[in-house]
Amino acid sequence: MYNLIGAGLIVIGGGIGLGQIGGKAMEGIARQPEAAGKIQTAMIIIGALLEGLAFGALLLGK
Amino acid sequence: MSSFQGFSISEEEKDNHSKEIGGQVDTKEEINDYIAHHLKDAHDFHLFSYTSDSGERKHVGFSLPVIIWSSKGLVSFMSSEFHHDDAGHTIVEKNGLKFTKIHSKIYELDANATAVSFDDEHHATNAHKVLDFSITKSVFGILIAGLLMFLGFFSLAKGYKKGAIPTGIGRVLEPLVIYVRDEIARPNIGEKKYKKFMPYLLTVFFFIWILNLIGLTPLGFNVTGQIAITVCLALFTLVIYMTNGSKDFWAHTLWMPGVPYILRPVLAFLELVGFILIKPFSLLVRLFANITAGHSVVMGIAALMILLKAQFGTAGATGISFFLTLFLMVIEVLVAFLQAFIFTMLSALFIGMAVEEHDHAHDH
C-alpha cells in the first residue's frame, strides 16, 4: 500500500520534471528554430537523467 | 552430451498442478505469473503451448544446451531432459550426479538424495546451486544479435572496397554509423579523441538497439531487460572512462583546485561516488527498467483481451486490446531506439568528461 503511494509521488515528481523540460525546450525551439537540433539533444539527455532518478526510486520502493 | 535436437514438438499430458507456466491463462494471478515468467531468462526456447483436440498438452519450441560446473566438473546436457518442469520434480542424472531445475535455477542434489525436499520458505534443503554457463534464451538472443551485426557490418565493410556508396543493408547502416559519429561521439568526446572510442560506442549502440527490437518480436526474448546484461554494459562503460581518465580529470576529481582545502576531500568523495556508483547505476537501471516496464505493459494490455471478455464479448475485448497493443508497440519501437541512443549518448558524455583536457589559460 505505502509503496503504491510512493510510486504515485515519484510519478508526480517525474511528470512535473518532464513537463518543465519539454515545455522549456519547446519555448526555446519557438524562439530559435535554427537551434532545434541542439535543444532536442539536450532535452533528451536531461529527460534521461530524470528518468534514471525516477526509475531508481521506483526500484528501491519495490 | 546429447546432440542439438532442433525444432521439436514435445507431447506431454497436462500437469495436474494448476500452475503450469506458459500454459493457458484465465485469471489475473495466472496472467501475472505468465508475465513474470516471460521477463525472466529460461533454459529452453519456448514459443507457445496449446491443448490439442485429444486433450494433450503440447509445447512448441526447442531446447537449448545446459552447461554447468558441478562438484565433479563440467557437465552438459539438453534442457529438454527437464521436460518443461520448473518445480524440481524431474531429476536428470549425469556423471553420477543428480540435477533438477527450480524456478529457472539449476540445482545439484546431495549424494544420497533422490528427491528435492523443501523447507517452509520453499528453499531446497538437500540441493545446492551450481555455476551455470548454459546457453539460455538470453545468451541465444545475444548470439543472434552478434550474428546479425557481423553479417550487416561485414557486408557494409566489403561494400567500401567496390566504391564509396554502400549497397544493400549497408545503405541502412551507413547513416546510423555516421549519426553515432557526428551526433554522439564528436560533440561529447571532442574532435581530437573521439576515434578511439568509436568501436565501443557503435558496438553498444547496435547491440542494444538490435536486442531491443528482437525483444519486440513474438519470439519472447527479453535480453536488455535482464539486469545481468545491463550491469555488464554499464561496467564496460565504467572501466572505459576510468582507465582513460586524463591527468586533468583525476586532478579535478581527487583534489579540486580553487576550493578551500577543507572541502577538497569531501568533494573528492562525492565525485568518486558519482563516477563509480551513481553514473553506472543510472545507466543500468534506465535500460533495465524501461525494457522491463515496456514488456510488462504490452503483455498486460494484451491480457485485457482475457479479462474484458465477460463485459465486451470475445470480438469486443480482442478489438480493444488489439488497438491498445498496436499503439503501445509503436511507442516501444521508438523506445527501443531511444534507449540505445541514450545509453550510447551518456556513455560518450561520461567518457568525454574523463578524457577532457582543460586549457589552463583561465584561472579556476
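Let's start at B:Leu233. Setting aside neighbours within four places in sequence, this residue is in contact with B:Tyr200, B:Val204, B:Phe207, B:Ile208, B:Leu287 and B:Phe343. Bear in mind that this is a predicted model.

B:Leu233 is part of something bigger. The largest nonpolar core has 59 residues, and the members touching the most others are B:Leu233, B:Ile189, B:Phe206, B:Ile208, B:Tyr241 and B:Phe343. Which elements feed this core with two or more residues each? From chain B they are α2 (137–162), α3 (170–189), α4 (194–216), α5 (227–243), α7 (263–302) and α9 (309–355), and chain A joins in with α2 (36–61). The biggest giver is α4(B), with 15 residues. Apart from this core there is another one, made of ten residues, including B:Phe77, B:Phe82, B:Leu97 and B:Ile106.

Now over to chain A. An unreviewed UniProt entry annotates residues 5–59 of chain A as the domain "V-ATPase proteolipid subunit C-like". In the model, that stretch is 93% helix and 0% strand, and its end C-alpha atoms sit 14 Å apart.

So how do the two chains meet? Ten residues of chain A are in contact with twelve residues of chain B. Interface size is often given as the accessible area lost when the parts come together. Here chains A and B bury about 1,000 Å² between them, with 82% of it on carbon and sulfur atoms. There's some polar business too: two residue pairs are in polar contact across the interface, and one salt bridge turns up there. That salt bridge links A:Glu51 with B:Arg286, whose closest N and O atoms are 3.9 Å apart.

Terms used
Residues numbered from 1 in each chain as written. Chains lettered and ligands numbered in written order. Predicted model: local features only at pLDDT ≥ 70, side-chain atom pairs only at ≥ 80, totals over all residues. Heavy atoms only, no water. Core = buried A, V, L, I, M, F, W, Y, C linked by side-chain atoms within 4.5 Å. Buried < 20%, exposed > 50% of the residue type's maximum accessible area, 1.4 Å probe, protein only. Helix = DSSP H or I, 4+ residues; strand = E, 2+ residues; numbered from the N terminus. Contact = heavy atoms within 4.5 Å. UniProt positions renumbered as here; feature names shortened; annotations may be inferred. Buried area = accessible area lost by both parts, 1.4 Å probe. Salt bridge = Lys/Arg side-chain N within 4 Å of Asp/Glu carboxyl O. Polar contact = N/O pair within 3.5 Å; in protein donor to acceptor, adjacent residues only side chain to side chain.
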